Amino acid sequence: MRLFVGLGNPGAQYAGNRHNIGFMAVERIAEDHHFPPWRGKFKGQTAEGRLGSEKVILLKPETYMNLSGDAVQAAVQFYKLSPGDVTVFHDELDLAPGKCRLKSGGGHAGHNGLRSIHQHLGPDYERVRLGIGHPGHKDRVSGYVLSDFAKADRDWLDDLLRGISDGAADLARGDGARFLNAVALRVAPPRNGATATGAAPAAPKAPAGSTVPRPGQAEAATEYSRTPLQKLADRFR
């Protein structure tokens with residue numbers, strides 16, 4: 001069993017905040033993978049379902065960010081989980097917008113939600129770090145994370161959340177590489193129309209009733225269309 005925790009603040013006024021990208025991630029997983037409706041439990045909202053062969057509990061703490069660990073600890077104790085069974089989705093100032101990284105253990109880097117979880121579980125849980133970028137100065141951080149994503153962010157944010165949902169089953173079974181690949185295929189798909197396997201795209205079909213010229217035909221057609229005067233001028237070049 002896995003516990004996926006999305007960090008954020010409860011209430012409609014915070015729903016679109018950058019700080020709530022963790023909530024957005026688990027909500028997208030719940031929607032795309034047809035989890036049952038959210039219900040109040042463990043000082044938060046939970047939804048239980050399966051991702052592949054793994055049973056997964058999704059949790060959105062409603063204790064506000066600074067006390068996120070209270071809800072996480074309650075769920076961990078109820079299901080008799082270890083910190084290694086917990087994956088936390090959270091906003092990350094030190095990553096560019098749309099970037100996604102995995103991390104196990106280590107410090108909380110000043111993130112108040114992670115700080116609270118550290119106090120209850122210690123550092124040995126998994127994190128999905130979701131880049132939101134940095135406002136440029138530490139004095140602007142609070143207002144930045146508690147502000148809504150801009151309209152210009154909507155495309156990359158949707159791609160990121162779709163990728164997280166695509167790879168959620170891989171993450172649940174512990175395959176971090178496949179999870180990150182699923183995210184990358186949404187956020188930065190292969191260029192030049194190449195497929196995910198690297199194969200070149202098939203040549204476009206000609207419209208009905210038309211013919212595709214054989215090699216040399218296009219050049220011949222161009223030569224045929226030149227006027228006698230143009231051909232004469234070519235002889236003196």
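Tutor: Welcome! Let's begin with a term we need: a residue is buried when its relative accessible area is under 20%. Keep in mind that this is a predicted model.

Student: How many of the 12 residues of helix 1 are buried?

Tutor: Among the buried residues of helix 1 are Ile21, Phe23, Met24 and Val26. Arg28, Ile29 and Ala30 are also on that list. Helix 1 is largely enclosed by the rest of the structure, because the buried count among its 12 residues is 9.

Student: What span does helix 1 reach from its first C-alpha to its last?

Tutor: Helix 1 has 12 residues, and at 1.5 Å a residue the expected span is 16 Å. The model comes close to that expectation, with helix 1 reaching 16 Å.

Student: Which residue just after helix 1 takes a positive phi?

Tutor: Look just past the end of helix 1 for a phi of about 60 degrees. The residue with that positive phi is His34.

Student: Is Arg28 buried or exposed?

Tutor: Arg28 has a relative accessible area of 14%. The cut-off for buried is under 20%, so Arg28 counts as buried.

Student: Which side chain meets Arg28 in a salt bridge at 3.3 Å, N to O?

Tutor: Side chains of opposite charge can pair when their charged atoms come close. The partner here is partly exposed, with a relative accessible area of 28%. In the 3.3 Å salt bridge, the side chain that meets Arg28 is that of Asp158.

Student: How many residues apart in sequence are the parts that Asp158 and Arg28 tie together?

Tutor: Asp158 lies in helix 5 (residues 154–166), while Arg28 lies in helix 1 (residues 21–32). The pair therefore ties together parts whose separation in sequence is 130 residues.

Student: Which residues do salt bridges that share partners join into one network?

Tutor: We have already met a salt bridge between Asp158 and Arg28. Through shared partners, salt bridges join one network of Arg28, Asp32, Asp158 and Arg162.

Student: Which strands do Arg129 and Glu92 lie in?

Tutor: The side chains of Arg129 and Glu92 meet in a salt bridge at 3.1 Å, N to O. Glu92 is buried, at 9% relative accessibility. Arg129 lies in strand 7 and Glu92 in strand 5, so the pair ties together parts 37 residues apart in sequence. The answer for Arg129 and Glu92, in that order, is strand 7 and strand 5.

Student: How many salt bridges are there?

Tutor: Another example is Asp170 with Arg178, whose closest N and O atoms are 3.6 Å apart. The cut-off is within 4 Å, and by this rule the count of salt bridges is 11.

Technical notes: Residues numbered from 1 in each chain as written. Predicted model: local features only at pLDDT ≥ 70, side-chain atom pairs only at ≥ 80, totals over all residues. Heavy atoms only, no water. Helix = DSSP H or I, 4+ residues; strand = E, 2+ residues; numbered from the N terminus. Buried < 20%, exposed > 50% of the residue type's maximum accessible area, 1.4 Å probe, protein only. Expected span 1.5 Å × (residues − 1).
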